[in-house]
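The exercises below are meant to be worked with the sequence and the structure side by side. Please try each task before reading its solution.

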Amino acid sequence: MEAGTGAGLAEAANSGIESSAADPSTSGTASRLSVHRIAGGGKAADIILWKRGRVTVGVIFGATMAWWLFEKSGLSFLTVCSDVLLILIVVQFIRIKVAGLLNKQPRPLPELVLSEEMVSNAAASFRVKVNNMLMIAHDITLGKDFRLFFQVVLLLWLLSVIGNFCSSITLAYIGTIALVTIPALYSKNQEQVDRYAGMVHRNISRHYKIVDENVMSRLPRSLIRDKDD
């Protein structure tokens, strides 16, 4: 859910920057609606945009406790999951036995069943995403999209540098906190953010065009012909 929502928000930010450069007079209400719609338009969007404040605070608290548990206690993910499941099973077993001794009917547990339609939809969505990633990787390795190649190399280099300073658990925690704070702040200040981000986007695009032209002019003609094909 996080991965999918994060990708949608990234696309929204990029499109918002470009639209702000063209039309900076977007109203605040339309901006909030667009961010909510791009975030999914359901309960997840309400949590991300703090429309369900208690749930959002619960997510932050749960993420903080999970980060502290994994990062500070030194326990492994498998150990924590096993301990939590063990406690839940024991508590449920004791609750049912106590209810039987007191001649009380225990509260029935909801049945957790995956429907065939749900599994098929998830598998189809996963297949499409994997195929898209494979196509992108194919284009990058063949040098068909120099701009995408440059972006992927820069992203992988940044992840490598960041990975030297913090663990994957810390990165996941930072991503979770950013997911429930940045979209809400962006929704409240979208006009100002889009105005300044549009200026930065135009400057970066101008510098990138200069670098791209200088690099492409030095490449052999055979490589340029293959890229155009």
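**Exercise 1.** Does Ala99 count as buried or exposed, and why?

*Solution.* The model is a predicted one, and the first step is to place the residue, which is found in helix α5, covering residues 77–101. The second step is to take the relative accessibility of Ala99, which is 12%, and to compare it with the cut-off, since buried means under 20% relative accessible area. Ala99 therefore counts as buried. As a last step, one can look for its partners: leaving aside neighbours within four places in sequence, Ala99 is in contact with Lys104 and Pro106.

**Exercise 2.** Describe how helix α4 and helix α8 are arranged relative to one another, and state which residues make the contact.

*Solution.* Begin with helix α8 itself, which runs over residues 168–179. Its 12 residues reach 16 Å from the first C-alpha to the last, close to the 16 Å expected at 1.5 Å a residue. Within α8, the residues Thr170, Tyr173, Thr176 and Leu179 are buried.

Next, consider the pair. Two packed helices are described by the angle between their axes and the distance between the axes. Here the axes of α4 (residues 53–71) and α8 come within 10 Å and cross at roughly 170 degrees. Because angles over 145 degrees count as roughly antiparallel, α4 is roughly antiparallel to α8.

Then list the residues that make the contact: from α4 these are Val59, Ile60, Ala63, Thr64, Trp67, Phe70 and Glu71, and from α8 they are Ile169, Thr170, Tyr173, Thr176 and Ile177. Sorted by character, the residues of this contact divide into eight nonpolar, three polar and one charged.

**Exercise 3.** How many salt bridges does the structure hold, and which side chains meet in a salt bridge?

*Solution.* The structure holds one salt bridge, in which the side chains of Asp46 and Arg52 meet at 4.0 Å, N to O. The two partners can then be examined in turn: Asp46 is buried, because its relative accessible area is 16%, whereas Arg52, with a relative accessible area of 36%, is partly exposed.

**Exercise 4.** What does the secondary structure of the chain come to, and what percentage of its residues is buried?

*Solution.* The secondary structure comes to 11 helices and zero strands. Of the 229 residues in the chain, buried residues make up 17%. Finally, among contacts between residues at least 6 apart in sequence, 65% join residues at least 24 apart.

Terms used: Residues numbered from 1 in each chain as written. Predicted model: local features only at pLDDT ≥ 70, side-chain atom pairs only at ≥ 80, totals over all residues. Heavy atoms only, no water. Helix = DSSP H or I, 4+ residues; strand = E, 2+ residues; numbered from the N terminus. Buried < 20%, exposed > 50% of the residue type's maximum accessible area, 1.4 Å probe, protein only. Contact = heavy atoms within 4.5 Å. Expected span 1.5 Å × (residues − 1). Axes fitted to C-alpha atoms, helices over the stretch in contact; angles between N-to-C directions. Parallel < 35°, antiparallel > 145°, perpendicular 65-115°, else oblique. Nonpolar A, V, L, I, M, F, W, Y, C, P; charged D, E, K, R; others polar.
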